[in-house]
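User: I'd like a walk through this model. Could you show me how to read its cores, empty spaces and odd backbone spots?

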Amino acid sequence: MNSSRNVIDVSRVTPSASSESLTLPLTYFDIFWYKFHPVERVIFYQLTDATRPFFDSVIVPNLKSSLSSSLSHYLPLAGNLVWDSLDQKPSIVYSPNDAVSLTVAESNSDLSRLAGNKPFPTAELHPLVPELQVTDDSASAVSFQVTLFPNQGFCIGVTAHHAVLDGKTATMFLKFWADTCKHQQDQTANASPPQDLLPIYDRTVIKNPNNIEAKILNEWYSLLKMFSGGKEPDNPKSLKLIPSPEISPDVVRFTLDLSREDIQTLRERLKRESSASSSPKELRLSTFVVTYSYALTCLIRARGGDPSRPIGYGFAVDCRGLLDPPVPSSYFGNCVSATFKMPLTAETFMGEEGFLAAASSVSDSVEELDETVALKLPDILASFPILPPGSQLVSVAGSTRFGVYGLDFGWGRPERVLVVSIDQGEAISMAEGRDGNGGVEIGFSLKKHEMEALIDLLKIDHFSF
């Protein structure tokens with residue numbers, strides 16, 4: 001299906017109240033991400049009242065003015081990432097009159113198709129997310145786009161620099177913006193903002209154990225040297241991102257909606273298989289362990305191929321509650337590490353006990369988490385160059401704990417929230433189910449033939465190997 005997007009306007013939105021500059025030096029959690037591709041999300045809203053006049057006179061003005069108000073409490077988002085020649089590391093710098101970019105557009109695509117549960121070409125999502133301005137010397141923190149689907153609804157596209165904020169902070173801001181926008185329409189704009197959504201900027205809550213900042217910067221320098229063919233990087237302090245892979249035109253998107261009952265069915269199956277196995281053990285069968293293991297097993301089987309091919313998996317870990325002392329929940333910035341398990345082989349997951357093997361491994365990975373996971377960031381960067389060729393490394397974007405389906409800007413809850421940036425690698429996305437009844441959404445992005453095999457495997461009622 002052909003689709004087109006017409007850009008109506010591109011504007012700069014400044015914080016409604018700010019007279020002071022603000023500088024936030026990056027912590028080691030931020031530095032880990034400073035070269036990676038930004039996180040891209042699209043939030044779809046169904047609204048048959050969304051005519052062009054209503055969009056122009058009600059939706060866009062309300063979103064724009066509430067965005068301006070919200071930025072007053074989140075000044076770094078209107079600033080830029082910079083790396084001064086005299087500084088050891090980059091900083092986020094906000095100066096008065098800095099602004100975020102807001103693109104307003106119109107699309108002739110079918111919103112119900114993009115927000116539905118059938119596969120569609122992933123390329124149709126790309127016009128719905130805005131570009132992030134990045135040069136050698138400066139990078140925008142975030143950019144937004146609002147796109148009208150006439151008489152169907154609209155979507156909000158968000159592109160966020162991962163060195164500035166993690167998923168928890170990004171969602172916290174979106175909740176603040178949504179809350180502000182809704183109160184504005186209810187004519188309760190002077191209502192006090194929720195205290196749990198007010199960001200904490202105190203960088204002293206993140207320590208620098210064992211000079212880990214320098215270790216991460218050194219690993220990045222080694223990676224950049226490798227990308228330059230062994231030569232010294234021309235500009236070691238360049239903020240330009242590492243090149244993104246070309247996305248094949250036959251890549252398609254699919255979202256799996258698992259109900260709480262589906263998840264319980266899978267959980268019970270794992271309990272039965274574990275107790276009947278030759279070495280039964282108590283598994284941590286949380287919703288995350290069950291659903292991620294399920295997706296991981298199906299993805300590996302869908303690709304098929306050589307049973308001895310290398311496999312790995314990983315997932316982000318929120319360190320706020322793991323560090324000692326704990327970091328406040330509303331801390332602004334990154335406070336995530338990751339855990340990876342590799343190399344494994346495909347045959348481990350392709351046999352009759354493949355699902356159990358995946359759950360056992362992921363369960364162990366979760367059980368092992370403690371404050372030391374934060375110290376593994378340099379090792380994670382160091383491991384990238386030594387990944388075996390042809391590795392299938394499955395990671396996770398998003399979380400079932402973010403509450404993205406609570407993002408009501410005044411026109412109802414989202415119809416669908418998609419993480420577009422999983423197209424950049426072997427990643428899936430996860431979010432809580434839209435109905436709030438304990439289900440989970442899993443987003444996939446794969447080549448068409450692989451997706452067809454995956455969808456067949458994902459059917460709960462005949463999930464058996």
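Analyst: Here is a tour by feature, with the general idea before each case. This is a predicted model, so local features need pLDDT of at least 70 and side-chain atom pairs count only at pLDDT 80 or more, while totals for chains, interfaces and linings use all residues. Residues are numbered from 1 along each chain as its sequence is written, and side-chain values use heavy atoms, with hydrogens and water left out.

User: Let's start inside. How many residues does the largest nonpolar core have?

Analyst: First the rule: a nonpolar core is a set of buried Ala, Val, Leu, Ile, Met, Phe, Trp, Tyr and Cys residues joined through side-chain atoms within 4.5 Å. Buried means under 20% relative accessible area, exposed over 50%, and partly exposed in between (1.4 Å probe, protein chains only). Here the largest core has 127 residues, and L63, F144, F154, F409, I428 and F444 are those with the most contacts inside it. Helix α7 (residues 287–303) gives the largest share of this core, 10 residues. Helices (H or I, at least four residues) and strands (E, at least two) are DSSP runs, numbered from the N terminus. Both domain 1 (5–228) and domain 2 (251–463) put at least three residues into this core; those bounds come from an automatic or database domain assignment. There is also a second, separate core of 13 residues, with F44, L114, F120 and F149 among them.

User: Now the empty space. What lines the second largest pocket?

Analyst: Rolling a probe the size of a water molecule over the atoms shows where empty space is left. In grid terms, on a 1 Å grid over the protein atoms alone, a cavity is a set of points where a 1.4 Å probe fits but cannot get out; a pocket is an open set with protein on both sides within 12 Å along at least five of seven lines; lining residues have an atom within 4 Å of a point. Grid points are joined across faces, edges and corners, and a volume is the space filled by probe spheres set on the points.

The second largest pocket holds about 780 Å³. Its lining counts 37 residues, and P130, E131, L132, Q133 and T159 lie nearest its centre. Strands β1 (5–13), β6 (100–107) and β9 (142–149) are the elements that give two or more residues to that lining. Domain 1 and domain 2 each contribute at least three residues to the lining of this pocket. By class, the pocket lining has 17 nonpolar, 14 polar and six charged residues. For that split, Ala, Val, Leu, Ile, Met, Phe, Trp, Tyr, Cys and Pro count as nonpolar, Asp, Glu, Lys and Arg as charged, and the others, Gly among them, as polar.

User: And how many cavities of 30 Å³ or more are there?

Analyst: Three, by this rule. The largest cavity has a volume of about 120 Å³. Fifteen residues line the largest cavity, and V417, V419, S429, M430 and A431 are nearest its centre. Its lining takes at least two residues from each of β14 (392–399), β15 (416–419), β16 (427–432) and β17 (440–447), and divides into eight nonpolar, five polar and two charged residues.

The second largest cavity comes to about 40 Å³. Its lining is L77, V142, F144, V158, A160, L165, A170, F173 and L174, with nine nonpolar, no polar and no charged residues. Helix α4 (167–185) is one of the elements giving two or more residues there, and α4 supplies the largest share, three residues.

User: Is R203 buried or exposed?

Analyst: R203 counts as buried, because its relative accessibility is 11%. R203 sits in the loop between α4 and α5 (212–227). The side chains of R203 and D30 share a polar contact of 3.3 Å. Such a contact is a pair of N or O atoms within 3.5 Å; within protein, one must be able to donate a hydrogen and the other to accept it, and residues adjacent in sequence count only if both atoms are side-chain atoms.

User: Last one, the backbone. Which residue does a cis peptide bond join to M342?

Analyst: Most residues other than glycine have a negative phi, and most peptide bonds are trans. Here P343 is joined to M342 by a cis bond, with omega about -5°, and P343 lies in strand β13 (336–345). The peptide bond from D324 to P325 is cis too, with omega near 0°. N151 is not a glycine but has a positive phi of about 65°; N151 is in the loop between β9 and β10 and is partly exposed at 46%. N211 has a positive phi of about 50° and is partly exposed at 43%.
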